[in-house]
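Here is the note you asked for, written as a set of numbered points to be read beside the structure. Please keep the display open while you go through them.

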Amino acid sequence: FTAPLLQGQRLLLTAGPTREAIDPVRYISNHSSGKMGFALATAAAAMGAEVTLVTGPVNLPTPAGVKRIDVESAEQMLAAVMANIAEQQIFIGCAAVADYRVANPAENKLKKTNDTMQLQLVKNPDILATVAAQTPRPFTVGFAAETHNLAQYALDKLHRKQLDMIAANDVSVAGQGFNADNNALKVFTKDGCHDLPATDKLNLAKQLLNLIVNYKSKP
Ligand code: PMT
C-alpha cells in the first residue's frame, strides 16, 4: 500500500473569473469557465489533499470532498483566500482575476442618456503576490495566461511575484485555455521548464500536481 501523494496536505486554490460591478445589473469579467481550477481541485482531492476551492461565478458542480467558497469580485476572492491561508501547505492561483475594477460602481442602474460614457478603473489587489508575501507561506503556484512571449512573461511573473512555480498557458491556441476542455502548460521553476503537452484538463491537473509534489519535497 502506498499513501496517496497529497495525503495530509492542505491545498487552497482559486478558480474561475471574477466579476467587477459597473452598476447593479452590469459587470466586467472574462471568459474563464473554472474548468482548469475545478480539475485541479478534483485531482488534488483524489490524491488525498484537504482541498479548499475559492471560486468566482461558474457553472460547475463542486468536486467530491472539496470545500467550496463562492465569491464574485477580486476583493471578495482576496478576503476568502486570506481567511483560509493559515496552515495551508500549497496555494494554486488558477483564477482569472480581473486586473481592474470600476472605481465607483453606480448604486442604481445607469441610464443610456449619453452616446459615450467613461468608466474609471482602479487596479485590483494581486491575490497571488499577497499569498507569496506571507511568512510562513505555502508552496505558491501561479498561472500565466499569455497570447504571446509566453516564456518571457511567465518567467517575469515567477520572479516578480516571488513564486515557487508558474504554469503558463498559451490562450491564443484554439481549443485550449479559456473555456476549453483541453489545455497545455509550460511549467517554470527557478530550475527550468517542464512541457505538459495538450490533453484534457483533469489529466493535465494530475501532471501539474505531480510536479508540485516533486518540487515541494526538494531541499
Ligand atoms: O477557467 P478555464 O476556462 O478552465 O480557463 C483556464 C485559465 C485559462 C483561466 C487558466 O488556465 C489560467 O491561465 N488562469 C490564470 C489566468 C490569469 O489571470 O492569468 P494572469 O497571467 O493574468 O495572472 C497571473 C497570475 O496572477 C494568475 O495565477 C492569477 O490568478 C494571479 N492574479 C492575477 C491578478 C490579480 N489581481 N490577482 C491574482 O492573483
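In which loop is Asn179 found? Asn179 is found in the loop between strand 10 (165–170) and strand 11. The points below start from this residue and then move through the sheet to the surroundings of the ligand; please bear in mind throughout that the model is predicted.

1. Asn179 deserves a second look, for its phi is positive, about 60°, although Asn179 is not a glycine. Asn179 counts as exposed because it has 12 C-beta neighbours inside 10 Å, and a residue is called exposed if 12 or fewer other C-beta atoms lie within that distance.

2. Asn149 has a positive phi as well, of about 50°, and is likewise not a glycine. Asn149 is placed in the loop between strand 9 and helix 4 (150–160), and with 10 other C-beta atoms within 10 Å Asn149 is exposed. As background for a reader new to such angles, most residues other than glycine have a negative phi, and most peptide bonds are trans.

3. The peptide bond from Thr135 to Pro136 is cis, and its omega is near -10°. Pro136 has its place in the loop between helix 3 and strand 9.

4. The sheet is open and is formed by eight strands, whose order is 5-4-1-6-9-10-11-12 and whose pairing is mixed. Strand 5 (67–70) and strand 12 (192–200) stand at the edges, where each has a single partner strand, so one side of each is left without a neighbour in the sheet. On average, and with direction ignored, neighbouring strands of this sheet are turned by 15° against each other.

5. The mixed pairing can be followed strand by strand. Strand 4 (residues 50–55) pairs with strand 5 in the parallel sense over four bridges, and Thr52 stands opposite Lys67 in strand 5. Strand 10 and strand 11, by contrast, run antiparallel and are joined by three bridges, while strand 11 and strand 12 also run antiparallel and are joined by seven bridges.

6. Lys186 is a useful residue for tracing this part of the sheet, since Ala168 stands opposite Lys186 in strand 11, and the bridge partner of Lys186 in strand 12 is Asp195. The link from strand 11 to strand 12 is a hairpin that passes through two residues.

7. Which strands does helix 1 lie across? Helix 1 lies across strand 1 (10–15), strand 4, strand 6 (90–93) and strand 11 (182–189), and runs at about 165° to strand 1.

8. Around the ligand there are 29 residues, of which Ser33, Lys35, Gly93, Ile127 and Leu128 come nearest. The elements that give two or more residues to this shell are helix 1 (35–46), helix 3 (127–132) and strand 9 (139–146), and the largest share, four residues, comes from strand 9. Sorted by class, the shell has 13 nonpolar, twelve polar and four charged residues.

9. Is Ile127, which is found in helix 3, buried or exposed? Ile127 counts as buried because it has 24 C-beta neighbours inside 10 Å, and the cut-off for that class is 20 or more. Apart from neighbours within four places in sequence, Ile127 is in contact with Thr14, Met77, Leu78, Val81, Gly93 and Val97. Ile127 and Val81 are 46 residues apart along the chain, yet their C-alpha atoms are separated by 7.9 Å.

10. The "binding site" annotation in the unreviewed UniProt entry covers Gly93, Cys94, Ala95, Asp99, Lys109, Pro125, Asp126, Ile127, Leu128, Phe143, Lys157 and Lys161. These positions span 69 residues in sequence, and their farthest two C-alpha atoms are 37.5 Å apart, so they do not all gather at one spot.

11. Two of the annotated residues, Asp126 and Phe143, can be set side by side. Asp126 is found in the loop between strand 8 (121–123) and helix 3, and with 18 C-beta neighbours inside 10 Å Asp126 counts as partly exposed. Phe143 lies in strand 9 and is buried, with 24 other C-beta atoms within 10 Å. Leaving aside neighbours within four places in sequence, Phe143 is in contact with Gly93, Cys94, Ala167 and Asn169.

Conventions: Residues are numbered from 1 along each chain as its sequence is written. This is a predicted model: local features need pLDDT of at least 70, side-chain atom pairs count only at pLDDT 80 or more; totals for chains, interfaces and linings use all residues. A residue is near a molecule or strand if its C-beta atom, placed from the backbone, lies within 6 Å of it. Ala, Val, Leu, Ile, Met, Phe, Trp, Tyr, Cys and Pro count as nonpolar, Asp, Glu, Lys and Arg as charged, and the others, Gly among them, as polar. Two residues are in contact if their C-beta atoms, placed from the backbone, lie within 7 Å. UniProt positions are given in the numbering used here, feature names are shortened, and annotations may be inferred rather than shown by experiment. Two strands pair if DSSP finds at least two bridges between them. Axes are lines fitted to C-alpha atoms, for helices over the stretch in contact, and angles run from 0 to 180 degrees between N-to-C directions.
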